[in-house]
Each structure stands twice: as structure tokens, then as C-alpha cells.
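Colleague: I should be grateful for a close look at a single part of this model, set in the context of the whole chain.

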Amino acid sequence: MEKWLSLWSMGQTKTEQDMKAIRQAGFAGVEIWAEHHSAEADMALAADAGLKVGLHLPFHDLNLATPYEGVGTVITERNKYWLGKLGELGGGHAVIHGGSAWASEDEEDAGARVVGRLQQIRALADEHNVQLLFENQIPDKLNYMHIFPSSVDEWMSILDKTQTAACLDTGHLAVLGAPLAETVARLGNRLASVHFSDNDMKGDLHQLPGDGATQTGTRELVKILKENGYQGPVVFEINPYTYTLADILEHPSVTAQLDE
Ligand SMILES: [Zn+2]
């Protein structure tokens, strides 16, 4: 199991020294945050430092459930662009969000649009040697919008309809209130990446594991993943507005070995 870092965790500024420090701290790869101003330069910096490169596709303003065809065209273009960039580096994995229905009454029609667009983007990803990973989200507690996916059942259904693999965000799952071990077992070989962070089980705080209330530290996570034969990356996705890179690299949850 490899240790990876989401570059969202670093904020907007990254240097060659930062990338070296990440590599020296035992990280095998980094997930580029496509919405960062420097995302393209970050790809090159990471590759130069000997880090594997994955991608978190952009999602703000790119709602896969949108009824606007014009927005749908922008979604296709932006994803094509980024999948192509990752393809130029030899491919890898790319994480995508599903978006939301404007109102929960529109869930059915909006859900069909999410499935259609995901199928299309997955086909584009295939062309660039990229594995598209659909990430679990946190439901809207108002039940005003409907977020895709809002439950593990809905997630599994969309994964199967779109032939996408799963990126499991442990923090999102904790806020949803679904059990981690059972969810990992249900995902089985659909699970291709894990976003790892902690929170107070109410909000998506992206704390370092052990600093929140979920009781899932590195050891607990690795045990569950190993029991289910998981061999993909564990991607630390940590709040850059709470922690510095040094905080992250020195934290016991990060210095812990994944393969003891
Ligand atoms: Zn995530």
C-alpha cells in the first residue's frame, strides 16, 4: 500500500524543496489539485521529484447533474483537457465529483444526467490511460439539493452503471455515518483509492487522522484495507487552512508505516 498526499493539503504555493520533502517523508505519489492556480506546474514539479502523479479533477461550477447543455459542454472540455494532461505523463488515476440536483424533487432526472456524463468522461479517461474514480460525498441535510452520491447504496449503483472505480473518502463517510469496514467490504475490487482524513463526524474538516473524533487512525484504516485485500494508495487529504506541510509530514498518522 502506498502513501500519497493530496496537493490540496499544501495550499497554493509549492516549491521543489517541498516536493523533495514529501518524497523523503515516504510518499510515493501526489494527487494534483486541478483547481490550484499552479496545477500544471505542480504536475511537472512532482514528476521531477520522482513522485507518481494522480489528479483530482476540477468540480466547482462543473455540476454533472446540470440541466444546461452549455455547462455540459464546458464539463466535457475541462475534463478532456485534464485527462489529456495526465495521459501525457503516462496516465494514472483521476478523481471526480458528481455534483447535485437543484432540488431533491429533481433527483431522478438529475441522476440520469450524472450517469450519462460520467459514462462519457470515463470513456475519455480510458482513451488517456486514466482510471476514473467516482468519490463518495456528504448528503445535504436540508434535503434541498440532492448531492450525488448521498448514500453508499446510491454510490454503488452509479459506480456499476458507469463502470467507474471508487475513491473512498473516509471523512465524507464518517459524516454520512456509514460504517468504514462494512463499506470497504461492499466496495470490494471497485475500490481503487482512499482519501484519508479525520473530522468531528459533523463537518468535513479534513483533520489529520487522530485529531478528530472518527477513531480511525492509520493503523485502524490499514487493518481494514488489508483484510479486504486492498493494494491501492492511501491519499492523505488534509486541510491546508489548519495545517502546514511540516505539521503534516511530522504527524504520527503520516510517519506511521502502512506496511508493517
Ligand atoms: Zn476527498
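What phi does Gln163 take, just after helix 5? Please describe the helix and its surroundings as well.

Modeller: The model is a predicted one, and the values below are computed from it. Gln163 directly follows helix 5 and adopts a positive phi of about 55°. Most residues other than glycine have a negative phi, and most peptide bonds are trans.

Helix 5 itself spans residues 152-162, and its buried residues are Trp155, Leu159 and Thr162. Viewed down the helix axis, these buried residues fall within an arc of 85°, so they line one face of helix 5. The face turned away from that buried side carries Asp153 and Asp160, which are exposed. The cover over the buried residues of helix 5 includes helix 4, strand 6 and strand 8, the last of these being residues 165-169.

The approach to helix 5 also deserves attention. Pro149 is placed in the loop between strand 7 (146-147) and helix 5. The peptide bond that leads from Phe148 into Pro149 is cis, with omega near -10°. Further back, in the loop between strand 6 and strand 7, lies Asn143. Asn143 is not a glycine, yet its phi is positive, at about 60°. Asn143 counts as exposed because it has 11 C-beta neighbours inside 10 Å, the cut-off for exposed being 12 or fewer.

A comparison with another positive phi is useful here. His206, likewise not a glycine, has a positive phi of about 50° and is found in the loop between strand 9 and helix 8 (218-227). His206 has 25 other C-beta atoms within 10 Å and is therefore buried. Asn143 is thus exposed, whereas His206 is buried.

The elements that cover helix 5 lead to the wider fold. Helix 4, residues 107-127, lies across strand 4 (92-96) and strand 6 (130-135), and runs at about 150° to strand 6. Strands 4, 6 and 8 all belong to a closed barrel of 8 strands, which runs 1-2-3-4-6-8-9-10 with parallel pairing. From one strand of this barrel to the next, the twist averages 30°.

Two of the strand pairs may be described in more detail. Strand 1 (residues 2-6) pairs with strand 2 in the parallel sense over 3 bridges, and Glu31 in strand 2 is the bridge partner of Ser6. Strand 9 (residues 191-196) pairs with strand 10 (residues 233-236), again in the parallel sense and over 3 bridges. Within strand 10, Val234 stands opposite Val194.

Strand 2 comprises residues 29-33, and 5 of its 5 residues are buried, so the strand is largely enclosed by the rest of the structure. Gly29, Glu31 and Trp33 point one way from strand 2, while Val30 and Ile32 point the other way.

Val30 and Ile32 also appear in the nonpolar interior. The largest nonpolar core has 68 residues, and those with the most contacts inside it are Val30, Ile32, Ala94, Leu133 and Ala166. Helix 4 supplies the largest share of this core, with 5 residues. Leaving aside residues up to four places away in sequence, the residues that Ala94 touches include Gly54, Leu83, Ala125, Val130 and Leu133.

Helix 3 (residues 69-88) contains Gly72. Apart from residues up to four places away in sequence, Gly72 touches Thr66 and Arg117. Gly72 and Arg117 are 45 residues apart in sequence, and their C-alpha atoms are 8.0 Å apart in space. Gly72 counts as partly exposed because it has 18 C-beta neighbours inside 10 Å.

Finally, the chain as a whole gives the setting for these details. Its secondary structure comes to 10 helices and 10 strands, and 45% of its 260 residues are buried. Of the contacts with a separation of 6 or more, 74% are between residues 24 or more positions apart. The C-alpha atoms fill a box of roughly 45 × 40 × 35 Å along the principal axes. The radius of gyration is 17 Å, which agrees with the value near 18 Å for a compact globule with 260 residues.

Definitions and conventions. Residues numbered from 1 in each chain as written. Predicted model: local features only at pLDDT ≥ 70, side-chain atom pairs only at ≥ 80, totals over all residues. Pairing = 2+ DSSP bridges. Helix = DSSP H or I, 4+ residues; strand = E, 2+ residues; numbered from the N terminus. Axes fitted to C-alpha atoms, helices over the stretch in contact; angles between N-to-C directions. Contact = placed C-beta atoms within 7 Å. Rg over C-alpha atoms; globule rule 2.2 N^0.38 Å. Buried ≥ 20, exposed ≤ 12 C-beta atoms within 10 Å, placed from the backbone. Core = buried A, V, L, I, M, F, W, Y, C linked by C-beta atoms within 7 Å. Arc of directions from axis to C-beta.
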